[in-house]
Amino acid sequence: MENLNKDTENQNDSVDDLAAKHAEDPNKPHKPIEHDYAHHQTDPGPSPQAVKEKDINGAAVVLRWLIPLLVIALLIYWFAFKGAGS
């Protein structure tokens, strides 16, 4: 049983190390677009496809209308049906 606890502690330490290793510093500039992945394989920048991809099927427009309509509908329901029962 003690071995399992030690393994769990080691896993938690390794997760913390990974989080610290991959944490981005907001003060550093962004990495440039990667053009030679084989040369920078240990620490590559983003691919050109990821940076230049168009967002033609984005959900922002739908959510911008859907969320306020749902909130208004739920408020109407709350005041009309819950308030009438009191």
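1. A quick definition to start: a residue is called buried under 20% relative accessible area, exposed over 50%, and partly exposed in between. With that in hand, Tyr 77 counts as partly exposed, because its relative accessibility is 43%.

2. Please keep in mind that this is a predicted model. The chain has a mean pLDDT of 76, with 69% of its residues at 70 or more. Confidence is lowest in helix α1 (residues 2-21), where the mean is 56, and highest in α3, where it is 90. A word of caution fits here: where pLDDT is low, the predicted coordinates should not be read in detail.

3. On the overall fold, the chain holds three helices and zero strands, in the order α-α-α from the N terminus on. Of the 86 residues in the chain, buried ones make up 2%. The exposed area of the chain is about 8,600 Å², and carbon and sulfur atoms supply 61% of it.

4. You may like to look at the nonpolar surface patch of about 900 Å². Its members are Val 62, Leu 63, Leu 66, Ile 67, Leu 70, Val 71, Leu 75, Trp 78 and Phe 79. One of them, Leu 63, sits in helix α3 (residues 60-84). Leu 63 has a relative accessible area of 42%, so this residue is partly exposed; patch members need over 30%.

5. Now for the rings: how many aromatic pairs does a search of the whole structure find? The search finds one. The partners are Tyr 77 and Phe 81, with 5.3 Å centre to centre and 45° between the planes, which makes a tilted pair. Tilted is the label here because 45° is neither under 30 degrees, as for stacked, nor over 60, as for edge-to-face.

6. Where does the pair sit along the chain? Tyr 77 and Phe 81 are both in helix α3, and because they are four residues apart, about one helical turn separates them. As for their surroundings, Tyr 77 is partly exposed at 43%, whereas Phe 81 is exposed, with a relative accessibility of 58%.

Note on methods: Residues numbered from 1 in each chain as written. Predicted model: local features only at pLDDT ≥ 70, side-chain atom pairs only at ≥ 80, totals over all residues. Heavy atoms only, no water. Helix = DSSP H or I, 4+ residues; strand = E, 2+ residues; numbered from the N terminus. Buried < 20%, exposed > 50% of the residue type's maximum accessible area, 1.4 Å probe, protein only. Areas by Shrake-Rupley, 256 points an atom, 1.4 Å probe, with all protein chains shown as cover. Patch = residues over 30% accessible without salt bridge, like charges linked within 9 Å, V, L, I, M, F, W, Y side chains within 5 Å. Salt bridge = Lys/Arg side-chain N within 4 Å of Asp/Glu carboxyl O. Phe/Tyr/Trp six-rings, centres within 6.5 Å; stacked < 30°, edge-to-face > 60°. pLDDT = per-residue confidence, 0-100.
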